[in-house]
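Visitor: Could you take me through one part of this structure up close? I would enjoy a connected tour of a single glycine and what lies around it.

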Amino acid sequence: MIGLRYQHHYNGPDDYDLINVVVRVFGTNEAPPISINALLDTGAEHSVFDKALLPLLEIADVTVGTPYLVQTADNREAMGYLHDLDVEFLGYQFTVPVGFVPAWPEGIDNLLGMGGFFDQMVFGIDHRTRNLAFNPHASANGS
C-alpha cells in the first residue's frame with residue numbers, strides 16, 4: 001500500500017469528468033511565470049499546451065523544440081514540438097516536456113500528460129469527492 005501524503009481538493013469545470021488544476025509555468029529566458037488552468041489527462045502521452053502561451057513564455061520559434069507526432073483520441077495526427085519547461089504543481093516544481101502544436105487552433109485545453117508530468121509523482125484520485133492525493137518523486141523541488 002502506498003501512503004499519499006499531500007491532498008488537494010479540486011473543483012472541476014462544468015464538465016464533471018474533467019480534473020482541472022492550476023499550475024505555474026516558467027518560460028525561457030527571464031519571462032515571468034504564468035498561472036494557467038490545465039486538465040490532468042492520463043490518456044495524453046505528453047503534456048500539450050495552447051500555442052497562444054508561446055509569446056508569454058518567450059518562445060519565439062516553436063520549431064526549435066523536439067519534433068514529435070501527436071495523435072489525438074480520434075486518431076488524427078499533427079506535428080508538435082516539445083519544449084522543456086519548469087512547471088509548478090501544488091508547490092512542487094518539475095521540468096516537464098510540453099508540446100505545442102502549430103496546426104491546432106488557439107484556445108485548446110492545456111493538458112498535463114503521462115510523459116514528464118505524471119511519471120514524476122505518485123497519484124491517487126477520488127473523483128467522487130473531488131480529492132487528489134500525491135507524493136512527488138525525489139526529483140521534485142518543493143517550495
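Guide: Happily! Gly113 has 0% relative accessibility, so it counts as buried, the cut-off being under 20%. Please keep in mind that this is a predicted model. Along the chain, Gly113 sits in the loop that links strand 8 (111-112) to strand 9. Its C-alpha atom lies 7.0 Å from that of Gly43, although 70 residues separate the two along the chain. Setting aside neighbours within four places in sequence, the contacts of Gly113 are Asp41, Ala44, His46, Ser47 and Phe118.

Phe118 leads us onward, since Phe123 touches Phe118 too, along with Leu4, Leu40, Phe89, Phe117, Leu132, Ala133 and Phe134, again without residues up to four places away in sequence. Within the largest nonpolar core, which has 31 residues, Phe123 is among those touching the most other members, together with Val23, Leu40, Phe89 and Phe100. Strand 7 (92-100) is the top contributor to this core, giving five residues. A second, separate core has six residues, including Val48, Val70, Ala78 and Val101.

Now for the strand that follows our loop. Strand 9 belongs to an open sheet of three strands, ordered 1-10-9 and paired antiparallel. Strand 1 (6-9) and strand 9 (121-126) are at its edges with a single partner strand each, so each has one side without a neighbour in the sheet. From one strand to the next, the twist averages 20°. Six bridges join strand 9 to strand 10 (residues 131-136) in the antiparallel sense, and Phe123 stands opposite Phe134 of strand 10.

Methods:
Residues numbered from 1 in each chain as written. Predicted model: local features only at pLDDT ≥ 70, side-chain atom pairs only at ≥ 80, totals over all residues. Heavy atoms only, no water. Pairing = 2+ DSSP bridges. Helix = DSSP H or I, 4+ residues; strand = E, 2+ residues; numbered from the N terminus. Axes fitted to C-alpha atoms, helices over the stretch in contact; angles between N-to-C directions. Buried < 20%, exposed > 50% of the residue type's maximum accessible area, 1.4 Å probe, protein only. Contact = heavy atoms within 4.5 Å. Core = buried A, V, L, I, M, F, W, Y, C linked by side-chain atoms within 4.5 Å.
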